[in-house]
Amino acid sequence: MRVVLDHITKRFADVTAVSDFSATLNDGELVCLLGPSGCGKSTLLNMLSGILPVSDGKIFFDDEDVTMLPPEQRGIGLVFQNYALYPHMTVLGNICFPLETQHVPKEERLARANEIAKLVHVDMLMNRRPAELSGGQQQRVAIARALVKNPRLLLLDEPLSNLDARLRLEMREEIRRIQQRTGVTTIFVTHDQEEAMSISDHIVLMKLGVLQQNDLPQNLYNEPANQFVADFLGNPPINNLPGTVSGGAFITEEGDGVVKMPLFEGIADGRKVNLSVRSESFVLDPDGPLACEVTRVYQMGKEEMAYFKLGECDFRAYIDADEGLKVGNRVRLNLKKRGVFVFDRETGERIK
Amino acid sequence: MERKFSKFLIYLVLILGAIIMLLPFFWMFTSAFKTTQEINRFPPDMFPSHISLNNFQRAFAMAPFAKYFVNSVIVMVCSVGLTTFTSILAAFAFSRLRFPGRNAIFSSLVALMMIPFEMLIITNYTTIVDLGLWDTLPALILPFTSSIFYTYILRNFFDSVSDSLYWSARIDGSSNWRYLWKVMVPMARPSLTTIILLNALASWNSFMWPMYVISSDANRTLPWGLQVFTTEAGSYPELLMAASTVVVVPVIILFLFARKYIVRGVARGGLKG
Ligand SMILES: Nc1ncnc2c1ncn2[C@@H]1O[C@H](COP(=O)(O)OP(=O)(O)O)[C@@H](O)[C@H]1O
Ligand SMILES: [Mg+2]
């Protein structure tokens, strides 16, 4: 099912949690709603599920306007961060609950519950209560309960954040597998960029209730729309060198580097910008424009993670281990074409 | 050494307290089996010389205790059932439903808890008389069909249940009504058990109100029937003790079984989280 958010706004008494948010999510995809804590992800999800009314705007499921529809009529499945299993019911009881409210006959109920339990691998736990399950198992049961009524849309609100690191990796593969098996359109909320990058078809990145970019994961990384997107994605984080543009070249504020790249042609003189460079986009070059000092070196197999100092500005770069960098070396660096961006320092807007 | 000594002191005080508490019950029990001569003897004997149910038979012959017992049970079942039902609904409304003045109404209800029941007796009495219910069993039930205190305890429990459970149920197609009875009530079982037990005890032991609104023998409950019996059996304390034993024993058994629920439920309902 295609989901269309049309200029959605949500105002609480003292904050606007989501403002003028428009996006289209494709049928059958797993979309990550990504952003730092408190940016309005849950609020947006709750408007999709009908728990919260919108202040403004419209929501469409395919061509149906569901903005005013109560939650039970939207045909969605929802998994909360705390799983929200009914503690007094067994796993079977939990999974059957949505079918009971729909008055599905008992035999069919059991058949469907068993089938979905097999899919999420909890079929051997049917008679346990939630308190007798591990976090990962509770998670699976919650997903089974959300899926058993064949929802048009599956919503997951930070489903992995209560799990320990190893289980988190495992469950994210699981969610991907289950989503692909069922083909259900899924929205997955997370504040973890790595999680988002690894499982989603599309990522919707937001900040303070405002959409930043809605794109393929690799596009978010390779073509960030603004400074925030560039900063939010990538580990280690992107390096930002402040400077100004003058005569089609970038003059670093720290040190006295002058970077000439076609990138800077056509930018007005005196504009304050950040030159933002991914760690893998530096190369050693005796004629390079950035003269810096090596402050730390970490071995990482074939590559080294080197810390450089350029004036007052620190940055990190992956350098081929064969170069044999030592702390205290003075070297010159040049930039590759990929992974190099210019952002306006005031507005954060990308300058191409 | 010091710790052992303070422990010893604590237990000594507890044991003394227990003896003081239990002594009247012990006296009631043993006296219920004594003969008239034994009970009037001074200094008194600790135990009867032989066990006989004679006193019980005589006491039962003097007053319709079976009738009192049935009345007590009817009143208890009806008022506990109704109170529990209304408290559940009210607690759910105050905890979950949004309506204007919700908090103001709840606060004023809680404030009303300060008014002792004795102060309401006159108004309740006139109401019962006006309704033409004086000297009937409904007069014993009607004023006890709701409880602010139990509503308060339940609401605290309901408030402690995560919102996400409610929304999960709603998204799964549950109405408020279904959510209340299928999810909330089963989850609140410990609190409910407490409430029901406390309420049952209060109803079973209720004395003052029945005394005002019941006069005929056929409509008396056990405590009130027993009271009348004290004057009729005034010169036979051993019969009184036998009758009292019959009234008290069910309560003691109930309490022993339910002790842990009562303490646990009150502690849980009072705290949040
Ligand atoms: N019911 C509410 N009333 C008032 N403010 C709220 C409410 N729910 C969320 N907010 C505010 O809206 C913003 C977004 O919250 P949320 O959607 O929970 O963020 P996220 O899920 O991305 O961490 C936050 O500033 C939060 O304080
Ligand atoms: Mg959230």
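In this tour, buried means under 20% relative accessible area, exposed means over 50%, and partly exposed lies in between, with a 1.4 Å probe and protein chains only. The model is predicted, so local features need pLDDT of at least 70 and side-chain atom pairs count only at pLDDT 80 or more, whereas totals for chains, interfaces and linings use all residues; side-chain values use heavy atoms, with hydrogens and water left out. Residues are numbered from 1 along each chain as its sequence is written, and chains are lettered from A and ligands numbered from 1 in the order in which they are written.

**Chain B as a whole**

Select chain B, which has 14 helices and zero strands. Helices (H or I, at least four residues) and strands (E, at least two) are DSSP runs numbered from the N terminus. The C-alpha atoms of chain B fill a box of roughly 75 × 70 × 35 Å along the principal axes. Its radius of gyration is 23 Å, where a compact globule of 273 residues would have one near 19 Å; this radius is taken over C-alpha atoms, and the globule rule is 2.2 Å times the number of residues to the power 0.38. Of the 273 residues in chain B, 39% are buried. Contact means heavy atoms within 4.5 Å. Among the contacts in chain B with a separation of 6 or more, 72% are between residues 24 or more positions apart.

**A loop residue in chain B**

Next, select Asp135(B), in the loop between helix H6 (117-130) and helix H7 (138-141) of chain B. Asp135(B) is not a glycine, yet its phi is positive, at about 65°. Asp135(B) counts as buried because its relative accessibility is 16%.

**Three helix pairs in chain B**

Two packed helices are described by the angle between their axes and the distance between the axes. Axes here are lines fitted to C-alpha atoms, for helices over the stretch in contact, and angles run from 0 to 180 degrees between N-to-C directions. Angles under 35 degrees count as roughly parallel, over 145 as roughly antiparallel, 65 to 115 as roughly perpendicular and the rest as oblique. For residue classes, Ala, Val, Leu, Ile, Met, Phe, Trp, Tyr, Cys and Pro count as nonpolar, Asp, Glu, Lys and Arg as charged, and the others, Gly among them, as polar.

Select helix H5 (residues 102-112) and helix H8 (residues 148-160) of chain B, whose axes come within 9 Å and cross at roughly 130°. H5(B) and H8(B) are therefore oblique to each other. Display Asn103(B), Phe106(B), Leu109(B), Val110(B) and Leu112(B) in H5(B), which meet Ile148(B), Tyr152(B) and Arg155(B) in H8(B). The residues of this contact between H5(B) and H8(B) comprise six nonpolar, one polar and one charged.

Keep H8(B) selected and add helix H11 (residues 189-205) of chain B; the two axes come within 10 Å and cross at roughly 170°. H8(B) and H11(B) are therefore roughly antiparallel. From H8(B), Tyr150(B), Ile153(B), Leu154(B) and Phe157(B) meet Ser191(B), Leu192(B), Ile195(B), Leu198(B) and Asn199(B) of H11(B). The contact of H8(B) with H11(B) has seven nonpolar, two polar and no charged residues.

Now exchange H8(B) for helix H10 (residues 176-187) of chain B, whose axis comes within 5 Å of that of H11(B) and crosses it at roughly 70°. H10(B) and H11(B) are therefore roughly perpendicular. Here Val185(B), Pro186(B) and Met187(B) in H10(B) meet Arg189(B), Pro190(B) and Leu192(B) in H11(B). Five nonpolar, no polar and one charged residues form the contact of H10(B) with H11(B).

**Stops in chain A**

Select Ser49(A) in helix H1 (residues 41-49) of chain A. Ser49(A) counts as buried because its relative accessibility is 0%. Leaving out residues up to four places away in sequence, Ser49(A) touches Pro71(A), Arg74(A), Ile76(A), Leu78(A), Leu155(A) and Ile171(B). From Ser49(A) to Leu78(A) the C-alpha atoms are 7.6 Å apart, with the two positions 29 residues apart in sequence numbering.

Move to Leu92(A) in helix H2 (residues 91-101) of chain A. At 21% relative accessibility, Leu92(A) counts as partly exposed. Leu92(A) touches Leu110(A), Ala113(A) and Met126(A), not counting residues up to four places away in sequence.

Continue to His103(A), in the loop between H2 and helix H3 (106-119) of chain A. His103(A) has a positive phi, near 55°, in a residue other than glycine, and counts as exposed at 70% relative accessibility.

Finish at Pro236(A), in the loop between helix H8 (227-232) and strand E11 (239-246) of chain A. A cis peptide bond, with omega about 5°, joins Asn235(A) and Pro236(A).
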